[in-house]
Amino acid sequence: MIHRLLGIVILGGSFAIAWFMMSINTFSEHPLALPASEVTYQIPTGSSLSAVAIDLEKRGYLESALYFQLMTRWEGQAGNLKAGEYTLNKGITPKELINL
């Protein structure tokens with residue numbers, strides 16, 4: 001009985017992790033919702049990844065600040081965030097954004 005329950009828990013956890021990873025992958029390839037063909041975005045000095053992600057989500061550019069943060073950390077780009085002015089072109093994806 002315990003082995004069966006443990007198997008169900010492991011199987012359910014595996015499905016949840018797989019769903020979550022596919023969801024982040026879909027998010028990373030979906031273009032940002034920019035209001036114009038070109039948007040200038042400013043990252044102030046000292047801004048954290050969390051602050052930038054939340055700001056992008058509040059502006060309506062990102063669907064999920066959490067997914068953006070997780071994806072950026074997973075890709076090893078969290079420490080590469082730099083202050084400055086960025087030009088975001090229509091069609092840019094979150095994955096492309098973290099590599100600017």
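# Group meeting: a walk through one chain

I will start with N80, which is found in the loop between α3 (65-74) and β2. Please bear in mind throughout that this is a predicted model. N80 is partly exposed, because its relative accessible area of 39% falls between the limits of 20% for buried and 50% for exposed. As for its distance from other parts of the chain, take F20, 60 residues away in sequence. The C-alpha atoms of N80 and F20 are separated by 24 Å.

Now the overall layout. How many helices and strands does the protein chain have? There are 4 helices and 2 strands. Reading from the N terminus, the order is α-β-α-α-β-α.

Next, the dimensions. The C-alpha trace spans about 60 × 25 × 20 Å along its principal axes. The radius of gyration of the protein chain is 17 Å, whereas a compact globule of 100 residues would have one near 13 Å. Of the 100 residues, 29% are buried. The accessible surface is about 6700 Å², and carbon and sulfur atoms hold 61% of that. On charge, the count is 7 positive and 8 negative side chains, with the centres of the two sets 8 Å apart.

What share of the contacts with a separation of 6 or more is made by residues 24 or more positions apart? In the protein chain that share is 71%.

Let us turn to helix α1, which covers residues 2-29. I have picked out three of its residues, starting with L6. L6 has a relative accessible area of 47%, so L6 counts as partly exposed. P44 is 38 residues from L6 along the chain, and their C-alpha atoms are 49 Å apart.

A18 lies in helix α1 too. Its relative accessibility is 35%, and therefore A18 is classed as partly exposed. From A18 to G76 the C-alpha separation is 20 Å, with their positions 58 residues apart along the chain.

The third residue in helix α1 is S28. Is S28 buried or exposed? S28 is buried, because its relative accessibility is 2% and the limit for buried is under 20%. Which residues does S28 touch, leaving aside its neighbours within four places in sequence? The contacts are with M71, T93, P94 and K95.

On to the strands. Strand β1 covers residues 38-43, and its side chains alternate. V39, Y41 and I43 point to one face and are buried. E38, T40 and Q42 point to the other face and are not buried. Why should there be such a pattern? In a regular strand the side chains alternate between the two faces of the sheet.

The partner of β1 is strand β2, residues 84-89. The two strands run antiparallel and are joined by 6 bridges. To give a pair you can look up in the model, T40 has T87 in β2 as its bridge partner. T40 is also one of the β1 residues on the face that is not buried.

My last stop is helix α2, residues 49-58, where I54 lies. I54 is partly exposed, because its relative accessible area is 35%. I54 and L66 are 12 residues apart in sequence, and their C-alpha atoms are 8.2 Å apart in space.

To recap, the predicted model has 4 helices and 2 strands, and the strands β1 and β2 run antiparallel. Within helix α1, S28 is buried, whereas L6 is partly exposed and A18 is partly exposed as well. The residue we began with, N80, is in the loop between α3 and β2. That is the end of my part.

Methods
Residues are numbered from 1 along each chain as its sequence is written. This is a predicted model: local features need pLDDT of at least 70, side-chain atom pairs count only at pLDDT 80 or more; totals for chains, interfaces and linings use all residues. Side-chain values use heavy atoms; hydrogens and water are left out. The radius of gyration is taken over C-alpha atoms; the globule rule is 2.2 Å times the number of residues to the power 0.38. Buried means under 20% relative accessible area, exposed over 50%, partly exposed in between (1.4 Å probe, protein chains only). Contact means heavy atoms within 4.5 Å. Accessible areas come from the Shrake-Rupley method with a 1.4 Å probe; for residues, only the protein chains shown count as cover. Lys and Arg count as positive and Asp and Glu as negative; His and the chain ends are not counted. The place of a charge is taken as NZ of Lys, CZ of Arg, CG of Asp or CD of Glu. Two strands pair if DSSP finds at least two bridges between them.
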